[in-house]
Amino acid sequence: MRRGPRFVLSAVLLAACARSPSKHETVLTFSGSALGAEGTLVAKQLKRFMQLNPGIRVELQRTPDDASQRHQLYVQWLNARVGNPSILQLDVVWTPEFAAAGWVLPLDRYGPAKSEFFAATITANTWAGKLYALPWFADVGLLYRRTDLVPREPRTLEELVSEAQSAMSRRAGPRYGIVSQGARYEGLITGFVEYLGAFGGRIIDDRGEVVVNRPEAVRALEFMRDELYRWRVAPLDVLTWHEEEARFAFQNGNAAFMRNWPYPVAAMSDTAQSKVAGKFAVSPMPASGTAPAGHSTATLGGAQLAINAYTEFPEAAYRLIAYLTAPEQMLERARAVGQYPTRLALYGDGLLSGAIGIPPENARRAIESATPRPVTPIYTELSEILQIELHRALVRQAEPREALDAAAAKINALIERTGMRKLMAGTSKA
Amino acid sequence: MRKTSRLGSEARLGWGLVAPALGVIALIAIFPLGWTFWESLHLHELRMPWLGKPFVGLANYVEIARDPRFWAALGHTAFFTVVSISLELLLGLFLALAMNRVFRGRGFVRAAVLVPWAIPTVVAALLWRFIFESQGGILNALLVDVGILNQPMVWFIEASTAWVPVILADVWKTTPFVALLLLAGLQNIDLSLYEAAAVDGANAWWQLRHITLPLLKPAILVTLIFRTLDGFRVFDLIYVLTGGGPGTSTEPVALYTFNALLQNLRFGYGSALSVVIFAITFGLALFYVKGLGVRLGEDET
């Protein structure tokens with residue numbers, strides 16, 4: 001207790017020293033997690049970068065791991081025009097928002113090699129014709145299946161349902177056919193985007209028109225509802241589930257199929273905690289066999305790196321981004337924490353074998369069929385509207401058509417209210 | 001003359017003495033309120049700087065008036081408040097009457113009853129969520145074992161059943177508080193009144209209706225005022241238990257406001273919603289104090 005004041009004072013002095021770099025030094029701040037294997041990896045790569053670039057010092061600024069908390073912090077800082085962190089770690093759906101707000105700098109003048117990355121990861125980071133962030137690692141929606149129950153990958157959604165039914169009806173078969181994320185949150189949209197693509201529908205088309213209530217989309221939502229109530233291959237419980245509940249069900253051997261991200265692979269391959277180790281495989285979600293325009297679709301997630309528009313050192317910041325997204329660092333990241341590289345070339349030549357827990361070929365196929373969620377600055381509010389309306393349809397408070405009509409009307413009102421049309425017209429001329 | 005001037009100087013001294021307190025109140029209560037009101041007259045979307053921050057007058061309030069989600073949320077809030085408070089008052093009165101009797105271990109019971117009230121709301125909400133969980137929830141296991149249900153029920157996907165855990169959790173948590181407030185009221189009632197009534201041959205029911213309840217009225221009204229205001233601001237309990245779902249069927253106004261203000265970062269519209277909630281709770285408090293004659297602060301009976 002008696003040491004208290006002196007300790008506080010010296011801590012303050014130390015902090016003051018740490019925060020006042022000499023004038024000529026280039027100091028970057030990198031936003032990220034300092035926890036666990038991820039923290040160790042980032043620290044290691046930043047240290048190497050500093051050795052290669054003696055004039056630049058990089059500090060790690062801890063930001064929350066929870067995406068929506070990090071988003072809220074960034075928005076507050078950027079409204080106050082704070083230049084730190086100089087490199088922002090963005091969720092895939094934030095780039096257009098930050099770009100339209102002028103909070104991140106376009107990267108085109110540094111000449112990034114766009115063609116080396118998966119096309120969808122570049123599309124997701126492009127706003128009004130300019131690239132605003134480089135994809136750091138990719139997350140992608142996967143269909144997990146129990147290979148002991150379903151040896152062959154289902155080629156269509158209809159086959160998926162019938163395989164699920166026959167797996168459930170086996171003696172000592174699993175309780176559930178298909179488990180997924182159906183609670184009213186972002187996860188519901190990621191699942192919907194995959195069914196939507198499977199039927200050839202979209203939320204917003206290339207001309208910026210809201211098409212989420214077109215017949216293809218209605219059929220996709222009807223299909224999701226029928227899985228719950230008509231074919232009963234998905235338990236009603238999924239309407240309250242997030243990623244983890246779905247993983248528990250699948251990992252405990254209670255489901256034939258699961259829609260989830262790549263992260264459960266590690267835990268589910270561990271025989272100590274998983275009943276399905278060595279008995280599962282992944283593939284992209286299949287297309288519907290009844291929709292000619294339908295295609296196999298996986299929702300794209302993952303992290304991007306962008307330059308804070310208020311930083312003093314944009315050039316140095318880009319050098320760090322280029323370093324972290326270079327092939328060597330991506331490979332190292334895949335091997336250390338299992339995150340998927342965003343560079344196409346890394347999936348060949350056995351570079352990734354054993355690193356990500358599944359055959360690299362399967363991961364590549366999934367990322368190649370990856371679709372970004374609508375690339376628009378108003379994504380978060382658009383998503384909230386859809387979450388509510390989709391959930392209403394899936395809990396049978398509304399018919400799918402009715403719910404999607406309501407969603408379309410609200411999204412159009414949102415576009416009006418936020419001046420999006422004017423903004424898009426203005427930017428495309430510029 | 002001398003008298004008034006002395007009074008005047010005393011009054012000045014009085015004002016001088018309370019000035020710091022008034023300053024603090026202005027700083028922490030009136031200033032933020034004024035600021036929020038000023039915000040509410042602007043279009044201010046934190047994540048859309050291209051819109052600027054134009055003054056829009058009452059446009060945000062007009063949007064609220066036309067927003068079906070707001071009116072639904074207001075309905076949910078009123079429903080939650082009325083149902084949970086009615087149950088809490090009834091059970092709380094019962095508990096208070098029981099605790100007011102002289103019996104061995106009364107002190108222990110009075111302390112034990114407060115345990116639910118002492119648990120943080122978020123923790124209590126999580127507990128109730130586990131109880132009502134569809135897979136591995138205690139309640140479902142119990143209902144299936146007893147034979148009331150054939151298979152586990154998913155409580156949170158229908159509006160009517162999603163309200164059950166919400167209201168139960170609130171009643172469980174807040175009844176002790178209500179009981180304690182009422183118990184304090186009961187202890188103010190002069191016991192000789194009951195003795196006199198008993199001498200006159202009045203039975204227990206008559207005593208309850210004609211002595212206990214009328215004399216308990218101030219305590220009941222104070223309880224009501226507290227609980228109504230709490231009920232109208234309900235947030236954490238529902239945020240954890242249902243998140244406002246299914247769809248938006250259990251969303252209260254406070255959750256909707258949180259969403260507009262802190263999720264969507266619509267500062268103008270969110271501020272307008274906050275002002276509306278403030279106006280409603282303030283109006284309710286005023287109604288209780290003026291309309292029903294609740295006396296706060298001064299002793300009565």
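**Exercise 1. A helix against a sheet**

Helix α6 (residues 157-169) of chain A lies across two strands, β8 and β9 of chain A. In this predicted model, determine at what angle helix α6(A) runs to β9(A), and describe the sheet that holds these strands.

*Solution.*
Step 1. The direction of α6(A) is compared with that of β9(A), and the angle comes to about 140°.
Step 2. The strands β8 and β9 belong to an open sheet of four strands, ordered β8-β9-β7-β10 (chain A), with mixed pairing.
Step 3. The edges of this sheet are β8 and β10 (280-283) of chain A, each of which pairs on one side only. From one strand to the next, the twist averages 15°.
Step 4. One pair in the sheet can be examined further: β7(A) and β10(A) are antiparallel and share four bridges. Within β10(A), V282(A) is the residue opposite Y144(A).

**Exercise 2. A helix with buried residues**

Identify which residues of helix α9 (residues 243-251) of chain A are buried, and state what covers them.

*Solution.*
Step 1. The buried residues of α9(A) are E245(A), A246(A), R247(A), A249(A), F250(A) and Q251(A).
Step 2. Their cover includes three strands, β7 (142-146), β8 (176-179) and β9 (255-260) of chain A, together with the helix α10 (264-268) of chain A.
Step 3. After α9(A) comes G253(A), which has a positive phi, near 80°.

**Exercise 3. A covered strand**

Find how many residues of strand β6 (residues 134-140) of chain A are buried, and name the strand with which β6(A) pairs.

*Solution.*
Step 1. Seven of the seven residues of β6(A) are buried.
Step 2. The pairing partner is strand β11 (residues 298-307) of chain A, in the antiparallel sense, over six bridges.
Step 3. At the level of residues, L134(A) has L305(A) as its bridge partner in β11(A).

**Exercise 4. Classifying residues by their neighbours**

Decide whether E209(A), R81(A) and L265(B) are buried, partly exposed or exposed.

*Solution.*
Step 1. The cut-offs are 20 or more other C-beta atoms within 10 Å for a buried residue and 12 or fewer for an exposed one, with partly exposed in between.
Step 2. E209(A), in the loop between α7 (186-198) and α8 (215-229) of chain A, is partly exposed because it has 13 C-beta neighbours inside 10 Å.
Step 3. R81(A), in the loop between α3 and β3 of chain A, is exposed because 10 other C-beta atoms lie within 10 Å.
Step 4. L265(B), in the loop between α12 and α13 (267-291) of chain B, is buried because it has 20 C-beta neighbours inside 10 Å.

**Exercise 5. Backbone exceptions**

State what is unusual in the backbone at R81(A), L265(B), P85(A) and P246(B).

*Solution.*
Step 1. Most residues other than glycine have a negative phi, and most peptide bonds are trans.
Step 2. R81(A) is not glycine, yet its phi is positive, near 60°. L265(B), also a residue other than glycine, has a positive phi near 55°.
Step 3. The peptide bond between N84(A) and P85(A) is cis, with omega about -5°. P85(A) is in the loop between α3 and β3 (87-91) of chain A.
Step 4. A cis bond also leads from G245(B) to P246(B), where omega is near 0°. P246(B) is in the loop between α11 (236-241) and α12 (253-263) of chain B.

**Exercise 6. Chain A as a whole**

Establish whether the radius of gyration of chain A agrees or disagrees with that of a compact globule.

*Solution.*
Step 1. A compact globule of 430 residues would have a radius of gyration near 22 Å.
Step 2. Chain A has 23 Å, and therefore agrees with that expectation.
Step 3. Further description: chain A contains 16 helices and twelve strands, and 47% of its 430 residues are buried.

**Exercise 7. The contact between the chains**

Report how many residues each chain brings to the contact, and which helix of chain A gives the most.

*Solution.*
Step 1. Chain A brings 22 residues and chain B brings 20 residues.
Step 2. On the side of chain A that touches chain B, α3 (67-79), α4 (95-100) and α14 (379-394) of chain A each supply at least two residues. The helix that gives the most is α14(A), with five residues.
Step 3. By class, this side of chain A consists of eight nonpolar, nine polar and five charged residues.
Step 4. For the complex, the predictor gives an ipTM of 0.86 and a pTM of 0.88.

Technical notes. Residues are numbered from 1 along each chain as its sequence is written. Chains are lettered from A and ligands numbered from 1 in the order in which they are written. This is a predicted model: local features need pLDDT of at least 70, side-chain atom pairs count only at pLDDT 80 or more; totals for chains, interfaces and linings use all residues. Two residues are in contact if their C-beta atoms, placed from the backbone, lie within 7 Å. Ala, Val, Leu, Ile, Met, Phe, Trp, Tyr, Cys and Pro count as nonpolar, Asp, Glu, Lys and Arg as charged, and the others, Gly among them, as polar. The radius of gyration is taken over C-alpha atoms; the globule rule is 2.2 Å times the number of residues to the power 0.38. Two strands pair if DSSP finds at least two bridges between them. Axes are lines fitted to C-alpha atoms, for helices over the stretch in contact, and angles run from 0 to 180 degrees between N-to-C directions.
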